[in-house]
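Colleague: I should like to go through this model with you. Could we begin with the ligand?

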Amino acid sequence: MKTLAGKVAVITGAGSGFGRELALLCAQEGMRLSLADVDEKGLQATREMLPAGTAALLQRCDVSQGWQVQQLADRTYAEYGSAQLLFNNAGVAVAGPTWTTTEQDWEWVLGVNLMGVVHGVRNFVPRMLAQGDECHIVNTASVAGLLSVPASSIYCVSKHGVVTMSECLHHELQAAGAKIGVSVLCPAYVNTGIADAARNRPAELADSNPEAAAYEERVRQAVKKGKISAADVARVTIDAVKDNRFYILTHANIKPAVEMRLRDIIDGGQPRNPMP
Ligand SMILES: NC(=O)c1ccc[n+]([C@@H]2O[C@H](COP(=O)([O-])OP(=O)(O)OC[C@H]3O[C@@H](n4cnc5c(N)ncnc54)[C@H](O)[C@@H]3O)[C@@H](O)[C@H]2O)c1
């Protein structure tokens, strides 16, 4: 999708991090925005950063709840009549050994990271197909969707799910002759609010891995040291949309680890640890 001006971008998780930076870039491109998040203060703060005159509707939306994503789609179409660019970006993270994870850890993270993307696809793609114009969907996964990182099994399962679902969706849209492009965004560590994702954890899913703290602190430190900024990630992502590139790997240094995993699968060896 070469030209973005005048089109409508829907961004989940727009109250912080990548979502906020994507909103700023889409506004600079002259797009109208539909911004969603559970964090309404974050959404307001994003709106205040937008260039004057940007059309932006803000919607409180928990992406793990299909009916709330449906409301987001209903409101977007009621306000703008169409949507061309969808960023299924909202996400959360937990860490800790798999054997001490709780059911609530799984329900929360898979609900937001995986089902949130499913709800986005189910609610927007049929309307985009009916529109018939050029559209694009960007699903935010992670390098954790391409690798198996110790003490991150829940996050990895959710992001591997996003990668394979995006690949399936791409094949289906191609077979249908649809004018809808798909990309999957796979960054490594970037300094955003992701290490403090528990700020948005619902009270009914509060029961968390008793071993999490030390591992989550490690993630916090790794995220802080991220060399690429959220703004850089957003820029690379918008460029990929314009060039219709599917895999968006923002950190080239992870490619050997991806290759190593595939080599271990093909050779039938024991999986080597990508983060020893
Ligand atoms: N920062 C990184 O190192 C990194 C690396 C790879 C992938 N990612 C992914 O990037 C995406 C964006 O994360 P970020 O790094 O910008 O973190 P962030 O915490 O800064 O932003 C995430 C946003 O999602 C929102 N959110 C959380 N739960 C939600 C829900 N149920 N419904 C709607 N919104 C919700 C939060 O309020 C927040 O505004 C996530 O999917 C994350 O998994 C991040």
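Colleague: Which backbone atom does a nitrogen atom of the ligand approach at 3.3 Å?

Modeller: A polar backbone atom of C61 is 3.3 Å from a nitrogen atom of the ligand. A polar contact here is a pair of N or O atoms within 3.5 Å. This is a predicted model, in which local features need pLDDT of at least 70 and side-chain atom pairs count only at pLDDT 80 or more, while totals for chains, interfaces and linings use all residues. Residues are numbered from 1 along each chain as its sequence is written, and side-chain values use heavy atoms, with hydrogens and water left out.

Colleague: And the oxygen atoms of the ligand: what lies 2.9 Å away?

Modeller: A polar backbone atom of N89 is 2.9 Å from an oxygen atom of the ligand. A polar side-chain atom of N200 also lies 2.9 Å from an oxygen atom of the ligand.

Colleague: How much of the ligand's accessible area does the protein cover?

Modeller: On its own the ligand has 820 Å² of accessible area, and the protein covers 98% of that; the areas come from the Shrake-Rupley method with a 1.4 Å probe.

Colleague: Which elements give two or more residues to the shell?

Modeller: Those elements are α1 (17–28) and α5 (153–175). Helices (H or I, at least four residues) and strands (E, at least two) are DSSP runs, numbered from the N terminus.

Colleague: How many residues surround the ligand?

Modeller: There are 30, and the closest are S16, D37, Y155, V190 and T192; a residue counts if one of its heavy atoms lies within 4 Å. The shell divides into 14 nonpolar, eleven polar and five charged residues. Ala, Val, Leu, Ile, Met, Phe, Trp, Tyr, Cys and Pro count as nonpolar, Asp, Glu, Lys and Arg as charged, and the others, Gly among them, as polar.

Colleague: Changing topic, how many cavities of 30 Å³ or more are there?

Modeller: The structure holds one. A cavity is a set of points, on a 1 Å grid over the protein atoms alone, where a 1.4 Å probe fits but cannot get out, and lining residues have an atom within 4 Å of a point. About 50 Å³ of space lies in the largest cavity, a volume being the space filled by probe spheres set on the points, which are joined across faces, edges and corners.

Colleague: What lines the largest cavity?

Modeller: The lining includes V94, T101, D105, Y155 and N209. Its largest share, three residues, comes from α5. By class, the lining has four nonpolar residues, five polar and one charged.

Colleague: How many aromatic pairs are there?

Modeller: The count comes to two, where rings of Phe, Tyr and Trp (its six-membered ring) pair if their centres lie within 6.5 Å, and planes under 30 degrees apart count as stacked, over 60 as edge-to-face and the rest as tilted. One of them, Y77 with F124, is tilted, at 6.4 Å centre to centre and 40° between the planes. Y77 lies in helix α3 (residues 66–80) and F124 in helix α4 (residues 103–131), so the pair ties together parts 47 residues apart in sequence.

Colleague: Lastly, where does A151 lie?

Modeller: A151 lies in the loop between β5 (135–140) and α5. Its phi is near 65°, a positive value in a residue other than glycine.

Terms used. A polar contact is a pair of N or O atoms within 3.5 Å; within protein, one must be able to donate a hydrogen and the other to accept it, and residues adjacent in sequence count only if both atoms are side-chain atoms. On a 1 Å grid over the protein atoms alone, a cavity is a set of points where a 1.4 Å probe fits but cannot get out, and a pocket is an open set with protein on both sides within 12 Å along at least five of seven lines; lining residues have an atom within 4 Å of a point.
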